[in-house]
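Thanks for coming. I will go through one model, starting with the fold and ending with the parts I would leave alone. Please have the structure open in front of you.

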Amino acid sequence: MKHILMTLALALSAVAVQAKLPPLSDEAKAKAAEAAAKTAHGNKVAAYQLCKSNERVADHYRASAKKAGKEPGAQVETPACADPGPYVPAPVVAGAVPAAPAAPAAPAPATATAAKKP
């Protein structure tokens, strides 16, 4: 019983602590976006490396099958491996404040075409 009460107390205090976290600052959001971009690029690089590895394995299989006198099965057409290139971070201007959205333009005068909606 004592363990259950202790676990319940810890769970409730954890929820209370999380509820008081302030919203992320613009800098933290930018860092999170940068981390997401790096992760996405890393996933592209990993997919490229896997694709190249699969090609090497398939080439080795075909070569060893021919060497053994066997006819390998029909080659399946797959898309070419696309090299993502090096990671290039988005340019960031130090100390720049995000620009405020422009003021909305003055409404255009109503015309006869606006009244003829289908």
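A word on labels before anything else: a helix here is a DSSP run of H or I with at least four residues, and the numbering of helices starts at the N terminus. By that rule, helix α2 is followed by glycine 69, which has a positive phi, near 85 degrees.

What you see is a predicted model. The protein chain contains three helices and zero strands, and along the sequence the pattern reads α-α-α.

How confident is the predictor in the protein chain? The mean pLDDT of the protein chain is 80, with 72% of its residues at 70 or more. That average hides a spread: α2 has the highest confidence, a mean of 95, while α3 has the lowest, a mean of 45. For residues 99-118 the pLDDT falls below 50, and this stretch makes zero contacts in the model beyond near neighbours in sequence. Where pLDDT is low, the coordinates that were predicted should not be read in detail. I will therefore leave residues 99-118, with their pLDDT below 50, out of the detailed part.

Now the surface. The protein chain has 118 residues, and buried residues account for 3% of them. The exposed area of the protein chain is about 10,800 Å², of which carbon and sulfur atoms supply 67%.

Next, α2 itself. How many residues does α2 have, and what does it span? There are 42 residues in α2, and the distance from its first C-alpha to its last is 61 Å. At 1.5 Å a residue one would expect 62 Å, so α2 comes close to the expected value, which is taken as 1.5 Å times one less than the number of residues.

On to the cross-link. The structure has one disulfide, and it connects cysteine 51 with cysteine 81 at an S to S distance of 1.8 Å. The two cysteines come from distant parts of the chain, 30 residues apart: cysteine 51 sits in helix α2 (residues 26-67), and cysteine 81 in the loop between α2 and α3 (112-115). The link between cysteine 51 and cysteine 81 is left-handed, with -80 degrees about the S-S bond. Is cysteine 51 buried or partly exposed? Cysteine 51 counts as partly exposed because its relative accessibility is 22%, and buried would need under 20%.

Histidine 41 also belongs to helix α2. Histidine 41 has 16% relative accessibility and so counts as buried, the cut-off being under 20%. Which residues does histidine 41 touch, leaving aside its neighbours within four places in sequence? They are Pro84, Gly85, Pro86 and Tyr87.

Last, the charged pairs. A search of the whole structure turns up three salt bridges.

One of them pairs lysine 31 with glutamate 27, with 3.9 Å between the closest N and O atoms. Lysine 31 and glutamate 27 are both in helix α2, four residues apart, or about one turn of the helix. Lysine 31 is exposed, at a relative accessible area of 55%, and glutamate 27 is exposed as well, at 57%.

Another joins the side chains of glutamate 55 and lysine 52, N to O 3.7 Å. Glutamate 55 and lysine 52 both lie in helix α2, three residues apart, about one turn. Glutamate 55 is partly exposed with a relative accessible area of 32%, and lysine 52 is partly exposed with 31%.

The remaining pair is aspartate 59 and arginine 62, where the closest N and O atoms are 2.8 Å apart. Why is about one helical turn between aspartate 59 and arginine 62? Because aspartate 59 and arginine 62 are three residues apart in helix α2. Aspartate 59 is partly exposed, with a relative accessible area of 46%; arginine 62 is partly exposed too, at 22%.

To recap: the model has three helices and zero strands, one disulfide and three salt bridges. Confidence is highest in α2 and lowest in α3.

Note on methods: Residues numbered from 1 in each chain as written. Heavy atoms only, no water. Buried < 20%, exposed > 50% of the residue type's maximum accessible area, 1.4 Å probe, protein only. Areas by Shrake-Rupley, 256 points an atom, 1.4 Å probe, with all protein chains shown as cover. Disulfide = S-S within 2.5 Å. pLDDT = per-residue confidence, 0-100. Contact = heavy atoms within 4.5 Å. Salt bridge = Lys/Arg side-chain N within 4 Å of Asp/Glu carboxyl O.
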